[in-house]
Amino acid sequence: MYLTDIIKGKVDNSVYFIAEIGQNHQGCLEMAKKMILEAKKAGCHCVKFQKSDLKAKFTRSALDREYISENSWGKTYGEHKEYLEFSKEQYIELQAYSREINVDFTASAMDENSLDFLVDLSVPFIKIGSGDANNFSLLRKAAKLDIPLVISTGMQTMDTVEKIVQTMEDAGKKDYALMHCVSAYPTMPEDCNLQLIRVFKGRFPNVTIGYSGHELGILLTQAAVLLGARIVERHYTLDKNQKGSDQRCSLEPQELRELVEQVKQFELNNNPYPTGDVMQKLNGGQDLATALQDVREKEILPCELPCRNKLGKSIVAARSLSKGHILEPTDMAIKVSHPSGETAENHFNLIGKELIVDVGEDDPITGSMLFI
Ligand SMILES: CC(=O)N[C@H](C=O)[C@@H](O)[C@H](O)[C@H](O)COP(=O)(O)O
Ligand SMILES: C=C(OP(=O)(O)O)C(=O)O
């Protein structure tokens, strides 16, 4: 099955499965290949990685900060990320291997350079992760491409999701999907807010809705499918005991296989199952009932704040700028910055504002630095 069949609404009774290898490969190419093979054997349609150009995604100070964590692969966050990043040659090798065994291969574009990189690689679709769901500079650029997009919505409000849809519409982009997502690793049932899948389907009837889940186990992802998710993405690992921030919320090959098999049994069409039927079909239970609680509005949840503080993007100076300078679009870059600047979402609102202080390259730009 092709993602485009799902996104273009030609197929609404099947689910496209993305095995998110992300950075669970431990920086090891051979392990990444083994993971690709096991994901294919488990029945997944696609394997996904995360592509970053570190200097484009992070400010110098964010890269230089100490990363003291049991999940760290280096003394600084930059060293840690560098260790986990595959080179262009390695991407080409992994892509060729995926082709050989007939499984789709792609990655999330975590900055504009990485978007270009993935376009050059001719991936079947590009993922925009939650960290960039309010990066409208990246979204506008991606919307112009003739490549399908899968856009996650963790750490965002409904207002931002509406703006994403508007951005796609303004660009005439039709082949994209929105993923319900909560950016907490793992996500507890009370935070999963699965009913938002139904809400998304109601508000955006022409958009394919999917689910990028970070909860433990497979039950709640099955419920997500019954509520209307037609693309499923789960982090995946060969062994959850390995080192890495995402390991705990990942599925091992056997769980991934079971998820795919269970979902194949469902009778699906364009209509979400009523909540009572979801409970009954999946044999109820407290976790399921909690994850299915009523929710109408998408908000940034307290459980998402650690991820937002760590990986949320904000506005920084693209180059040194002097006091009195009037901001133009190219003066600003959207990066992970510690400390952070104005939220990425305000990028276009800052155009034309005057700086009241000198700012160095990569320095965060905050409201107090601007003449109002
Ligand atoms: C928001 C976002 O990008 N989240 C990604 C996708 O879910 C994650 O895989 C992060 O890259 C990962 O959790 C970061 O872990 P560390 O900070 O240990 O490299
Ligand atoms: C951050 C990512 O995904 P999500 O927001 O769906 O967890 C990603 O795909 O890199």
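Q: How far is an oxygen atom of ligand 2 from an N or O atom in the side chain of Ser 130?
A: They are 2.5 Å apart. That fits a polar contact, a pair of N or O atoms within 3.5 Å; within protein, one must be able to donate a hydrogen and the other to accept it, and residues adjacent in sequence count only if both atoms are side-chain atoms.

Q: Before we go on, what sort of model is this?
A: It is a predicted model, where local features need pLDDT of at least 70, side-chain atom pairs count only at pLDDT 80 or more, and totals for chains, interfaces and linings use all residues. Residues are numbered from 1 along each chain as its sequence is written, chains are lettered from A and ligands numbered from 1 in the order in which they are written, and side-chain values use heavy atoms, with hydrogens and water left out.

Q: Back to ligand 2: how far are its oxygen atoms from side-chain N or O atoms of Lys 48 and His 214?
A: For Lys 48 the distance is 2.9 Å, and for His 214 it is 3.0 Å. The protein buries 94% of the 290 Å² that ligand 2 exposes when taken alone. Those areas come from the Shrake-Rupley method with a 1.4 Å probe; for residues, only the protein chains shown count as cover.

Q: Which residues come nearest to ligand 2?
A: Ser 108, Lys 127, Ser 130, Ser 152 and Ser 212, out of 14 around it. A residue counts as near if one of its heavy atoms lies within 4 Å.

Q: And how do the residues of that shell divide?
A: Three are nonpolar, seven polar and four charged. Here Ala, Val, Leu, Ile, Met, Phe, Trp, Tyr, Cys and Pro count as nonpolar, Asp, Glu, Lys and Arg as charged, and the others, Gly among them, as polar.

Q: Now ligand 1. Which residues are the closest?
A: Tyr 77, His 80, Ser 245, Asp 246 and Lys 310, with 16 residues surrounding it. By class, the shell has seven nonpolar, six polar and three charged residues.

Q: How far are side-chain N or O atoms of Tyr 185 and Ser 245 from an oxygen atom of ligand 1?
A: Tyr 185 is at 2.7 Å, and Ser 245 at 2.4 Å. Which elements give two or more residues to that shell? Helix H5 (77-84) and helix H16 (305-311) do. Helices (H or I, at least four residues) and strands (E, at least two) are DSSP runs, numbered from the N terminus.

Q: New topic: why is helix H12 largely enclosed?
A: Helix H12 (residues 219-226) is largely enclosed by the rest of the structure because seven of its eight residues are buried. Buried means under 20% relative accessible area, exposed over 50%, partly exposed in between (1.4 Å probe, protein chains only). Leu 220 and Val 225 are among the buried ones.

Q: What comes just after H12?
A: Gly 228, which takes a positive phi of about 125°.

Q: Where is Tyr 236, and is it buried or exposed?
A: Tyr 236 is in the loop between strand S8 (231-235) and helix H13 (253-265). It is buried, with a relative accessible area of 0%. Tyr 236 and Val 47 are 189 residues apart in sequence, yet 9.5 Å apart in space, C-alpha to C-alpha.

Q: Last one: what does the side chain of Asp 362 reach?
A: The backbone nitrogen of Arg 60, at 2.9 Å. Asp 362 is in the loop between strand S11 (354-355) and strand S12 (370-371), and at 14% relative accessibility it counts as buried.
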